[in-house]
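Work through the exercises below with the sequence and the model side by side. Try each task before reading its solution.

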Amino acid sequence: MPGQRLPMRKIRDLLRLHAGGMSKRKVAASLLIGATAAGDCVRRARRAGLSWPLPENLSDEALERILYPPPKVTEGSATAARLAAIHREQSRPGVTLQLLWEEHRSVYPDGYGYSSYVGIEIMLREAD
């Protein structure tokens, strides 16, 4: 289960310090956050095309929407048929949940995380 997001103030400080040449680990230590969280924020900003200095008129809400966009809902991505297909495929020899998840992520890069896939499989097993 993911932890709480960093406050926008810390995210802005993180981007500023990292743009100033500090390593992610040093930035994390100075802001009292985890190095993984710092790296994640830097990657999200890079993917979104953000660099320091941020635009002056960029509000905290807009920055949050840019860095943490809502998950894309695609037709059939969470349908019962797709979930049943996961369950069916996994019963075949040599097919693992890890393999199915990797295939899913190749089609939907922002799709379900592995832990969600595990949760889906548990729910399907309990339904049987």
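Throughout these exercises, a contact, or touch, means heavy atoms within 4.5 Å. The model is a predicted one, in which local features need pLDDT of at least 70 and side-chain atom pairs count only at pLDDT 80 or more, while totals for chains, interfaces and linings use all residues. Residues are numbered from 1 along each chain as its sequence is written, and side-chain values use heavy atoms, with hydrogens and water left out.

**Exercise 1. Describe the chain as a whole.**

Step 1: Begin with the helices and strands, which are DSSP runs numbered from the N terminus (H or I of at least four residues for helices, E of at least two for strands). The chain has seven helices and zero strands, and its pattern along the sequence reads α-α-α-α-α-α-α.

Step 2: Turn to burial, where buried means under 20% relative accessible area, exposed over 50%, and partly exposed in between, with a 1.4 Å probe and protein chains only. Of the 128 residues in the chain, 29% count as buried.

**Exercise 2. Place Leu 17 and find what surrounds it.**

Step 1: Leu 17 lies in helix 1, and its relative accessible area of 18% makes it buried.

Step 2: Leaving aside residues up to four places away in sequence, Leu 17 touches Met 22, Val 27, Ser 30 and Leu 31. Of these partners, Val 27 is 10 residues from Leu 17 in sequence, with 6.4 Å between the two C-alpha atoms.

Step 3: Leu 17 shares its burial with other residues of helix 1, among them Met 8, Ile 11 and Leu 14, and the cover over the buried residues of this helix includes helix 2 (24-31), helix 3 (35-48) and helix 4.

**Exercise 3. Work out how helix 1 packs against helix 4.**

Step 1: Two packed helices are described by the angle between their axes and the distance between the axes. Here axes are lines fitted to C-alpha atoms, for helices over the stretch in contact, and angles run from 0 to 180 degrees between N-to-C directions.

Step 2: Helix 1 (residues 8-19) and helix 4 (residues 60-67) pack at about 70 degrees, and their axes are 10 Å apart. Angles under 35 degrees count as roughly parallel, over 145 as roughly antiparallel, 65 to 115 as roughly perpendicular and the rest as oblique, so helix 1 and helix 4 are roughly perpendicular to each other.

Step 3: On the helix 1 side, Met 8, Ile 11 and Arg 12 take part, and they meet Asp 60, Leu 63, Glu 64 and Leu 67 of helix 4.

**Exercise 4. Identify the nonpolar cores.**

Step 1: A nonpolar core is a set of buried Ala, Val, Leu, Ile, Met, Phe, Trp, Tyr and Cys residues joined through side-chain atoms within 4.5 Å.

Step 2: The largest such core holds 21 residues, and those with the most contacts inside it are Ile 11, Leu 14, Ile 33, Leu 63 and Leu 67. Helices 1, 2, 3 and 4 each supply at least two of its residues, and the largest share, five residues, comes from helix 1.

Step 3: A second, separate core has seven residues, including Leu 83 and Trp 101.

**Exercise 5. Which bond joins Trp 52 and Pro 53, and where is Pro 53 found?**

Step 1: The bond between Trp 52 and Pro 53 is a cis peptide bond, with omega at about 5 degrees.

Step 2: Pro 53 is found in the loop between helix 3 and helix 4.
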